Amino acid sequence: MTAQEIVAFAAEFDPQPMHLDEVVGSASILGGLAASGWHTSAVMMRMLFEAYIDGSTSEGSPGVDLMEWKRPVLAGDTLGGYCEVLEARISRSRPDIGIVRLRAEVTNQRGETVAVCEYINMLRLAAKGADHADG
């Protein structure tokens, strides 16, 4: 996360001083120029897209059950993370849709968890008898 990215996102979506000014951020409990939690969430979404959503049969999400920002994301931090399936089932009302409950964790370069999200993803199921050669 570069300082320029943090400031650009904050200027448009969350213009609180600790997201816009290094001096103010350093004097705050965050300890430096800190990304908005919403910025961290947007970066997480991009990572999820690149990891599995792109190329999947995703039909979107009905919502997020949990979103926690555990630690500040500061200018210079490198983010990574992982996602795990907590539950998977077929929709009762739409048998062509799978309902997958997931937990995503975003970590910084020190392996510290900076954000946690639990959400549902709806995925279109393959038709019975469909060729699954592509995965």
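**Briefing: fold, surface and aromatic pairs**

Phe 13 counts as exposed, because its relative accessibility of 54% is over the 50% cut-off. The model in which Phe 13 sits is a predicted one. The protein contains four helices and four strands, and two aromatic pairs are counted in it. The points below cover the overall fold, the surface and charges, and then each ring pair.

**Fold and dimensions**

- Along the sequence the order of elements is α-α-α-α-β-β-β-β, with the helices followed by the strands.
- The protein is more spread out than a compact globule, because its radius of gyration is 18 Å, well over the 14 Å that the globule rule gives for 135 residues.
- Taken along the principal axes, the box filled by the C-alpha atoms is roughly 60 × 30 × 25 Å.
- If contacts between residues at least 6 apart in sequence are considered, 60% of them join residues at least 24 apart.

**Surface and charges**

- Buried residues make up 31% of the 135 residues of the protein.
- The exposed area of the protein is about 8,200 Å², and 55% of this area is supplied by carbon and sulfur atoms.
- The protein carries 11 positive and 19 negative charges, and the mean positions of the two sets are 9 Å apart.

**Aromatic pair within helix α1**

- The count of aromatic pairs is two, and one of them is formed by Phe 9 and Phe 13, with 4.9 Å from centre to centre and 45° between the planes.
- The Phe 9 and Phe 13 pair is classed as tilted, because an angle of 45° is neither under 30 degrees nor over 60.
- Both residues belong to helix α1 (residues 3–13), where Phe 9 and Phe 13 are four residues apart, about one turn of the helix.
- Phe 9 counts as buried, with a relative accessibility of 17%, whereas its partner Phe 13 counts as exposed at 54%.

**Aromatic pair between helix α4 and strand β1**

- Trp 38 and Trp 69 have ring centres 4.9 Å apart and planes at 80°, so this pair is edge-to-face.
- The pair ties together parts that are 31 residues apart in sequence, because Trp 38 lies in helix α4 (residues 37–53) and Trp 69 in strand β1 (residues 64–69).
- Trp 38 is exposed, with a relative accessible area of 53%.
- Trp 69 counts as partly exposed, at 39% relative accessibility.

Definitions and conventions
Residues are numbered from 1 along each chain as its sequence is written. This is a predicted model: local features need pLDDT of at least 70, side-chain atom pairs count only at pLDDT 80 or more; totals for chains, interfaces and linings use all residues. Side-chain values use heavy atoms; hydrogens and water are left out. Helices (H or I, at least four residues) and strands (E, at least two) are DSSP runs, numbered from the N terminus. The radius of gyration is taken over C-alpha atoms; the globule rule is 2.2 Å times the number of residues to the power 0.38. Buried means under 20% relative accessible area, exposed over 50%, partly exposed in between (1.4 Å probe, protein chains only). Contact means heavy atoms within 4.5 Å. Accessible areas come from the Shrake-Rupley method with a 1.4 Å probe; for residues, only the protein chains shown count as cover. Lys and Arg count as positive and Asp and Glu as negative; His and the chain ends are not counted. The place of a charge is taken as NZ of Lys, CZ of Arg, CG of Asp or CD of Glu. Rings of Phe, Tyr and Trp (its six-membered ring) pair if their centres lie within 6.5 Å; planes under 30 degrees apart count as stacked, over 60 as edge-to-face and the rest as tilted.
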